[in-house]
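Please look over the structure shown below before reading on. The briefing that follows takes up one helix, the nonpolar core, the domains and the surroundings of the ligand.

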Amino acid sequence: MERDYADLRDAIAKLCANYPGTYWRALDRDMAYPTAFVEELTQAGWLSVLIPEAYGGSGLPLSAAAAILEEMQAQGCNAGACHAQMYTMGTVLRHGSDAQKQRYLPQIASGALRLQAFGVTEPTSGTDTGALKTTAVRDGDDLVINGQKLWTSRAAHSDLMLLLARTTPLTEGVKSTDGLSVVLVDMRDAVNNGLTVRPIRTMMNHATTEVFFDNLRVPAANLIGEEGKGFRYILSGMNAERILIAAECIGDARWFIEKSVTYAKDRHVFGRAIGQNQGVQFPIAKAYANMRAADLMVKEALRLYEAGGNPGAEANMAKMLAADASFEAANACIQTHGGFGFAEDYDVERKFRETRLYQVAPISTNLILSYLSEHVLGLPRSY
Ligand SMILES: Cc1cc2nc3c(=O)[nH]c(=O)nc-3n(C[C@H](O)[C@H](O)[C@H](O)COP(=O)(O)OP(=O)(O)OC[C@H]3O[C@@H](n4cnc5c(N)ncnc54)[C@H](O)[C@@H]3O)c2cc1C
């Protein structure tokens, strides 16, 4: 497999070697956050590579961030604990005022401020973002926020949250995605002051939460960009997010395939390596072929993105194909390991649970297929 950013990948692999399976297993049992891992990545500057040099980051292109995240996953680590610190700031960078950029980006780059909570999904609206109910109402120099978000990941490990809330009531004849605004919430002041964060236990260790806003006051100066245009700003960051998550899935697929091959060579049953049986080889070989094909789509999405395009179709396809490839590889890996695939000590079942998420979040497969049907194939909108 072609290795772009070889030096960078080697450095990530070296860092990840400090966080072996035993580290992740212990956290998984307690649903604990990988603080040491995230701190080391932050101190080494790996989470600020997308921030321009003028604001203290290293100003690398998206493909560098993709290589970093892919490599973390390929080494058996879980970038889900911190990937949002890399790209959530993109909304501030692209749509924030100069004052906001000067105030926040250098501190995010240094790690002094964590911006890795992103509050869009709500319990009743689900994928239908325009139906969200959280409101931000102006009162003097403040916005008063009321409502609830669900699945706000890493909120308990972030200083800031990028929040999407309704600033103009939904009236008949107005598009439901108009009148939404993006607000930067400083959670350090807000917790127990109108903001409550409650962890949700999930099938994998993901530090996700539900968040309640009860008359939370936030300075109106924290509005990002123009009031009422928030949905567009959130959409503009989605290509990058999808491409990066796709790269993580490629990394997961590589981990499962390597683990499967090693085990299939070592495990002897009926007096020979199980990997000698085509019934064991073929699912792994197929997973490999699908991982490589998905990786080409990730690279194509990156190429178009870095050329300044708006590769909505390619970013969505990359995310869907890579998530499918990682889950197929995960399934082949469990099967190859037989009963041991279910034992915690092999890490396979943990990674299997972790990679399953990407069929659903940050966007579910059905919604990607709907996007392609409508926007690429010109079929009627189905919802
Ligand atoms: C662990 C985890 C972490 C997350 N982190 C965040 C986060 O940090 N911030 C955030 O804002 N959100 C986050 N999410 C939310 C995530 O983006 C949503 O769960 C996801 O987009 C699906 O939305 P939903 O759960 O509301 O499902 P729903 O919208 O209720 O959909 C349920 C099912 O129905 C299908 N469906 C719905 N409508 C259609 C349709 N029109 N056509 C065909 N099928 C349809 C969907 O594909 C899905 O399979 C997270 C979710 C999880 C589980």
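**What covers helix 4**

The cover over the buried residues of helix 4 includes helix 1 (6–16), helix 5 (83–87), helix 9 and helix 10 (278–306); helices (H or I, at least four residues) and strands (E, at least two) are DSSP runs, numbered from the N terminus. This is a predicted model, in which local features need pLDDT of at least 70 and side-chain atom pairs count only at pLDDT 80 or more, whereas totals for chains, interfaces and linings use all residues. Residues are numbered from 1 along each chain as its sequence is written.

**Helix 4**

- Of the 13 residues of helix 4, 11 are buried, so this helix is largely enclosed by the rest of the structure; a residue is buried if 20 or more other C-beta atoms, placed from the backbone, lie within 10 Å of its own.
- Among the buried residues of helix 4 are L62, A66 and M72, and also E70, E71 and Q73.
- Helix 4 (residues 62–74) reaches 18 Å from its first C-alpha to its last, close to the 18 Å expected at 1.5 Å a residue, the expected span being 1.5 Å times one less than the number of residues.
- Just after helix 4, G76 takes a positive phi of about 95 degrees.

**Nonpolar core**

- The largest nonpolar core (buried Ala, Val, Leu, Ile, Met, Phe, Trp, Tyr and Cys residues joined through C-beta atoms within 7 Å) has 111 residues, and those with the most contacts inside it include A66, V183 and I243.
- Helix 9 (residues 230–266) gives the most to this core, with 17 residues.
- Leaving aside neighbours within four places in sequence, V183 is in contact (C-beta atoms, placed from the backbone, within 7 Å) with residues including A136, L163 and N222.

**Domains**

- The protein is divided into domain 1 (6–110), domain 2 (115–228) and domain 3 (232–376), with bounds from an automatic or database domain assignment.
- In all, 8 residues of domain 2 are in contact with 7 residues of domain 3.
- The side of domain 2 that touches domain 3 has 6 nonpolar, 2 polar and no charged residues; Ala, Val, Leu, Ile, Met, Phe, Trp, Tyr, Cys and Pro count as nonpolar, Asp, Glu, Lys and Arg as charged, and the others, Gly among them, as polar.

**Ligand shell**

- The ligand is surrounded by 23 residues, the closest being G126, T127, W151, S364 and N366, where a residue counts as near if its C-beta atom, placed from the backbone, lies within 6 Å.
- By class, this shell has 10 nonpolar, 13 polar and no charged residues.
- Helix 13 provides the largest share of the shell, 3 residues.

Technical notes: A residue is buried if 20 or more other C-beta atoms lie within 10 Å of its own, exposed if 12 or fewer, and partly exposed in between; C-beta atoms are placed from the backbone. Two residues are in contact if their C-beta atoms, placed from the backbone, lie within 7 Å.
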